[in-house]
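Biologist: I'd like a close look at a single part of this protein, with the surroundings filled in as you go. Could you walk me through it slowly, as you would for a first-year student?

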Amino acid sequence: MKSIKTMKKILSTFFLTYLRWLAKIQLLKNQSLVIGITGTAGKTSARNAVAAILKNEYQIKVSYKANSETGIPLNLLGLTAHDYSLKDWLRLCLLAPIKLLTNWGKYQIYVVEMAIDSPLPPKNMDYLLKIIQPDIGIFLNAKPMHSLGFDQLLDDTVQGKDRREQITQLIAQEKGKLITQLPQKGLAVLNFDDANVKKFTKQTRAEVIGFGHDQSAQVKFTKYQPSLKGTKFTFEFNQEKQAVNFDKYLLPRHYGQTFAAGIAVGVKLDISFKQCLANLKNNFKLPPGRSSLISAVKQAMILDSSYNSSAQPTLDSLELLNQVALKRKLALLGDMRELGQVAKPEHELVALKAAQTCDLVVMVGPLTKKYIVPILEKNNVEHYHCQNTYQAAKILKEKLEKDDLLLVKGSQNTLLLEIAVERLMKDKTQVEELLCRRGKYWDQKRAKLKILKK
């Protein structure tokens, strides 16, 4: 068994090194400007916001569905994994040098997500910076999400709020390497509303532009107006105010910071403030499962954020539910995974907000049962804990009423909350267009979960 693990480690190291060097050569072929985006939450939305603002003015390449030590090199080479099997990886190994020789697509700017799950290679920022060296770095936020890998850096005697704070600082330190390693002629785009991010103003040799509500930010997010007809955000730059309205999405407040980060990049790349907002309105699209408003059965509505979850975005989504719901406020909540020893306080924060906000809460996963159910019971909130998402969908289909608004939010791993959205949505012909995790690989995952439920 030990020899098999050793062999797997050797093969993995070889494969990653092989891909990394081919990707570096591929990037050199274009000599393009690289915009790297990191943060605990909102990287994909920020990537799409930056792309929306830049696409009319520049030739760009975007790291769609690629933010890791394998995803980024494959994206640069123009390759996509199918099912992550050994056979698939062998296919990718064989195709990689061919792509290097034949892929001569030209672009001026590469916009790339840079996600980390650990302080150790290859899941850390140091490793990603061996693949790409951004000229512009965007640091969105630092929260205790994916904190399991950082638990080893703290003594077990550190608990509660102290542990949460120290874990957050460790995560910020690792993600912040994107900012500290920017070139002198580079640009650091920092969230001035997050103290753990703003401190990197003094830890980079690059030019700094701040965004957020903070008075010292150059690009300010000043106003937020959500409704069931869409979401309006107002921004300020150089004492000029401009608003942008998104008709298709019911977006939580934190998207204002996401858009402000994109605007900061745009104005620094010589796109006018007014044009940045026009491009954002015309070109911005969210991937499925991120704040999409979907018509449900029984004339109810679904706020579909089923792609993934962490505490702060969930708190923001619950507050949004509170602001715009016409009638009852419902939530389908799944576990927030990979939190390590801060799982308890993070889930309890969500539980308290749900207790204040929701008329009905349905949950899936052992962590919601352990940490959220007791608080809902204490506050006499109607709730149900389910073995899987199929059971949750059945309960919600029975409970939904006209004008209800249902928030769906949970982590990716094994929960697959999009199953409930599919079963509750009014127009099933829109499944492939509106829902996350499509394709053969995810169909197999959902089918397996359906078998297990029996």
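Biologist: Let's pick helix H10. Which exposed residues does the face of H10 turned away from its buried side carry?

Modeller: Keep in mind that this is a predicted model. The face you ask about carries Lys 274 and Asn 282, which are exposed. Now flip to the other side. H10 covers residues 273-283, and its buried residues are Phe 273, Cys 276, Leu 277, Asn 279, Leu 280 and Asn 283. Look down the axis of H10 and these buried residues fall within an arc of 160°, so they line one face of the helix. Here is the background that helps: an α-helix has 3.6 residues a turn, so residues three or four places apart point the same way.

What does that buried face sit against? The buried residues of H10 pack against two helices, H2 (43-54) and H9 (255-268), and two strands, S8 (230-237) and S9 (240-246).

Let's stay with one of the buried residues, Cys 276. Its relative accessibility is 0%, so Cys 276 counts as buried, the cut-off being under 20%. You might wonder about disulfides when you see a cysteine. A disulfide is a covalent bond between the sulfur atoms of two cysteines. This structure holds zero of them. Take Cys 386 as an example: it is in no disulfide, and the nearest cysteine sulfur, that of Cys 358, is 15 Å away. Cys 386 is buried too, with a relative accessible area of 1%.

Next, follow H10 to one of its packing partners, H9. Thr 258 is found in helix H9, and at 5% relative accessibility it counts as buried. Setting aside neighbours within four places in sequence, Thr 258 is in contact with Gly 42, Ser 45, Ala 46 and Ala 49. There is also a nice example of folding bringing things together: Thr 258 and Leu 140 are 118 residues apart in sequence, yet their C-alpha atoms are 7.3 Å apart in space.

H10 also has a part in a pocket. The second largest pocket has about 570 Å³ of space. It is lined by 23 residues, and the closest to its centre are Lys 248, Tyr 249, Lys 285, Glu 433 and Leu 434. H10 supplies at least two residues of this lining, and so do S9, strand S10 (292-295) and helix H16 (431-434). The largest share is four residues, and it comes from S10. Sorted by class, the lining has 10 nonpolar, six polar and seven charged residues.

From an open pocket, let's turn to enclosed spaces. The structure holds two cavities of 30 Å³ or more. The largest cavity has a volume of about 60 Å³. Among the residues lining the largest cavity are Thr 40, Ala 41, Lys 143, Arg 164, Gln 312 and Glu 346. Helix H11 (residues 311-324) gives the largest share of that lining, three residues. The lining of the largest cavity divides into five nonpolar, three polar and three charged residues.

The second largest cavity holds about 40 Å³ of space. Its lining includes Ser 309, Leu 333, Met 336, His 347, Thr 368 and Lys 409. Strand S12 (329-334), helix H12 (343-357) and helix H13 (366-378) each supply at least two of the lining residues. By class, the lining of the second largest cavity has four nonpolar, five polar and one charged residues.

One last stop: the loop between S12 and H12, where you'll find Gly 340. Its relative accessibility is 27%, and Gly 340 counts as partly exposed. Leaving out neighbours within four places in sequence, Gly 340 is in contact with Ser 147, Leu 148 and Asp 151. Gly 340 and Asp 151 are 189 residues apart along the chain, but their C-alpha atoms are separated by 6.5 Å.

Now look at that contact from the other end. Ser 147 lies in the loop between strand S4 (136-139) and helix H6 (160-175). At 0% relative accessibility, Ser 147 counts as buried. Not counting residues up to four places away in sequence, Ser 147 touches Ile 167, Ile 171, Glu 338, Leu 339, Gly 340 and Val 342. In this pair, then, a buried serine touches a partly exposed glycine, and each belongs to a loop.

Definitions and conventions
Residues numbered from 1 in each chain as written. Predicted model: local features only at pLDDT ≥ 70, side-chain atom pairs only at ≥ 80, totals over all residues. Heavy atoms only, no water. Buried < 20%, exposed > 50% of the residue type's maximum accessible area, 1.4 Å probe, protein only. Arc of directions from axis to C-beta. Contact = heavy atoms within 4.5 Å. Disulfide = S-S within 2.5 Å. 1 Å grid on protein atoms, 1.4 Å probe; cavity = no way out; pocket = protein on both sides within 12 Å on 5 of 7 lines; lining within 4 Å. Points joined across faces, edges and corners; volume = space filled by probe spheres on them. Nonpolar A, V, L, I, M, F, W, Y, C, P; charged D, E, K, R; others polar.
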